[in-house]
Amino acid sequence: MSTENEGTAVPPAPSVPPPAPVDAPAASAHQGHPAPGAAPDPAPSAPPQAPVQNMGQGYGSGPQTPVGETGWGPHGAHGSQGAHGGQDPTPSSSTPDASWPPPPPPSTPSYGGGGEGDGGAGHGSSGWGSSYQQPAPKNGGGRGRLLVAVLVAALVAGGAGGGLGYTLAKENDSNGSTTVSASTSGGNVKRDPGTVAAVAANALPSTVTIEAESSSGEGGTGTGFVFDKEGHIVTNNHVVADAVDGGKVTATFPDGKKYDAEVVGHAQGYDVAVIKLNNAPSDLKPLPLGNSDEVAVGDSTIAIGAPFGLSNTVTTGIISAKNRPVASSDGTGSQASYMSALQTDASINPGNSGGPLLDAQGNVIGINSAIQSTSNGGFGTGQAGSIGLGFAIPINQAKYVAQELIKTGKPVYAKIGASVSLEDATGGAKITEQGAGGSEPVDPGGPADKAGLQPGDVITKLDDRVIDSGPTLIGEIWTHKPGDEVTITYERDGKEHTTELTLGSRTGDS
């Protein structure tokens, strides 16, 4: 691990100031300038500004950022190669089919480095580096001798006080120490079941740090967790995407054991992937899966991951919100990913991607996938950092996706069979007048057609979920399975209507 200092380097200050003569005061610099021959004190560099990388797009609250893996470039220097790039998934001209991830937004933010602070010499008063100047003799020698006498008396008094203090300390020490030693170190009560320490101790052995590398040598670091005893590990699609075609994947456990792995399946739209360990050990302990539908705002959360390559890092927080619409893309021109996410303030950073978000009992309730960041750049890393707004794929959805990937290697998506606008200012998800690529906006004979939906209709609710945009609708649809029956509320010609709709299915990412 390496760090970067920003701004001009500042020479270290001495631990104590040099002793000054006792028989006369040191000469001070005139008008804040150093005395002749003195080196000017260097001013500390200005604190760096810390804007962080903007990488994904969340709807309704500003950009969200996939928790991209800490990448490395051709020369081994850490970069941002594997991270999701921020996208603006709301172009007015996009008219994707809600049954499938719409094409990615047109722009991808740049990865900027942190700015350097300005350092320079200060112009303050004489410092420790100033040379001592003997003052010119003055009239009144008697007064000078009196001053010397006073200084000598003070030194004598100080010596007496020091001797007295030493004597008292020695006597007290001979009577025994009053220090109280704890019977147990660390306080075992803090490791009772249900505490953060206990949850972390149980979950860490089943959490791995994933390194994915493409055939060209580029890649990144992310996180995953043991899904079953057969050696399947669940993570994010964007963690292993580089290694899908001829690349290399490894998984390292906290005890240092490292395994080669293969990508079993990956789902771009869901941002979920499954890898399998080669020669998996027989003592794997899958993490228990919770019920993300029962999570409540305010519940405690524990996140485990490898932020910026720091493996086995544990952070804590709470559930800040549920059903948060988040869309993101890796910035490579691939299709966007959508989720109706759990929001948490547990510290999540690049490298946490794919790691488990746990409840207070140690059950997995989500997969850490995205963060919201401020503007690009930050601390010289060119990557985003946590500002307390993290997003996780609900485990109920991720579990279904992972099981499908293990069975067939391909994801299955629910769909309504209609193209919706990605604009977020329509007050709902508006069915477009024309479908993607010149196709019909409503699939003939598809679910939306059978439910009576038409181009121009604005969908405002799916069951009891308020729909404020096309991406929100897509995220909500993908929390369901094909064949689920849902109630659609929509507006047509200023009037509100409802209809029942049975979701269709779509297999694969292409």
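The following exercises, each with a worked solution, concern a predicted model of a protein.

**Exercise 1. Overall composition**

Determine how many helices and strands the protein has, and what share of its residues is buried.

Solution. Begin with the secondary structure: the protein has six helices and 25 strands. Next, consider burial: of the 510 residues, 43% are buried. Then turn to the surface, where about 24700 Å² is exposed, with carbon and sulfur atoms supplying 51% of that area. Finally, examine the contacts with a separation of 6 or more: residues 24 or more positions apart account for 71% of them.

**Exercise 2. The cover of helix 2**

Identify the buried residues of helix 2 and name elements that cover them.

Solution. Helix 2 spans residues 196-203, and its buried residues are Ala198, Val199, Ala200 and Ala203. The elements that cover these residues include strand 7 (207-213), strand 13 (300-305), strand 14 (313-328) and strand 16 (356-358).

**Exercise 3. The nonpolar cores**

State which residues of the largest nonpolar core touch the most other members, and which helix gives the most to this core.

Solution. The largest nonpolar core has 55 residues, and Leu473 and Leu501 touch the most other members. Helix 4 (residues 395-408) gives the most to this core, namely six residues. Another core, of 17 residues, lies apart from it and includes Ala212, Val226, Tyr259 and Ala261. To examine leucine 501 further, set aside its neighbours within four places in sequence; its contacts are then Ile416, Pro447, Ala448, Ala451, Leu453, Asp484, Glu485, Val486 and Ile488.

**Exercise 4. A hairpin and a buried threonine**

Describe how strand 23 is joined to strand 24, and characterise the turn of the hairpin.

Solution. Strand 23 (residues 485-492) and strand 24 (residues 495-502) run antiparallel and are joined by eight bridges. Arginine 492 stands opposite lysine 495 of strand 24. Two residues lie between the strands of this hairpin, and aspartate 493 takes a positive phi near 55° there.

A further step concerns threonine 460, which belongs to strand 21 (residues 458-462). Is threonine 460 buried or exposed? Its relative accessibility is 12%, which is under the 20% limit, so threonine 460 counts as buried. Beyond its neighbours within four places in sequence, threonine 460 contacts Gly427, Arg465, Val466, Ile467, Thr489, Tyr490 and Glu491.

**Exercise 5. An aromatic pair**

Classify the aromatic pair of tyrosine 413 and tryptophan 478, and establish which parts of the chain the pair ties together.

Solution. The whole structure holds five aromatic pairs. In the pair of tyrosine 413 and tryptophan 478, the centres are 4.9 Å apart and the planes are at 45°. An angle under 30 degrees would count as stacked and one over 60 as edge-to-face, so this pair is tilted. Tyrosine 413 lies in strand 19 (residues 412-415) and tryptophan 478 in the loop between helix 6 (470-477) and strand 23; the pair therefore ties together parts that are 65 residues apart in sequence. Tyrosine 413 is buried at 0% relative accessible area, and tryptophan 478 is buried at 1%. Together with Tyr270 and Tyr338, Tyr413 and Trp478 form one aromatic cluster.

**Exercise 6. Salt bridges**

Give the number of salt bridges, and locate the partners of lysine 258, lysine 415 and arginine 465.

Solution. The count is six salt bridges. Lysine 258 pairs with glutamate 211, with the closest N and O atoms 3.9 Å apart. This pair links distant parts of the chain, as lysine 258 is in strand 11 (residues 258-267) and glutamate 211 is in strand 7, 47 residues apart. Lysine 258 is exposed at 52% relative accessible area, whereas glutamate 211 is partly exposed at 32%.

Lysine 415 meets aspartate 443 at 4.0 Å, N to O. Aspartate 443 lies in the loop between strand 20 (429-430) and helix 5 (447-450), and lysine 415 in strand 19, so the pair ties together parts 28 residues apart in sequence.

Arginine 465 pairs with aspartate 464, the closest N and O atoms being 3.6 Å apart. Asp464, Arg465 and Glu476 are linked in a network of salt bridges.

Conventions
Residues are numbered from 1 along each chain as its sequence is written. This is a predicted model: local features need pLDDT of at least 70, side-chain atom pairs count only at pLDDT 80 or more; totals for chains, interfaces and linings use all residues. Side-chain values use heavy atoms; hydrogens and water are left out. Buried means under 20% relative accessible area, exposed over 50%, partly exposed in between (1.4 Å probe, protein chains only). Helices (H or I, at least four residues) and strands (E, at least two) are DSSP runs, numbered from the N terminus. Contact means heavy atoms within 4.5 Å. Accessible areas come from the Shrake-Rupley method with a 1.4 Å probe; for residues, only the protein chains shown count as cover. Two strands pair if DSSP finds at least two bridges between them. A nonpolar core is a set of buried Ala, Val, Leu, Ile, Met, Phe, Trp, Tyr and Cys residues joined through side-chain atoms within 4.5 Å. Rings of Phe, Tyr and Trp (its six-membered ring) pair if their centres lie within 6.5 Å; planes under 30 degrees apart count as stacked, over 60 as edge-to-face and the rest as tilted. A salt bridge is a side-chain nitrogen of Lys or Arg within 4 Å of a carboxyl oxygen of Asp or Glu.
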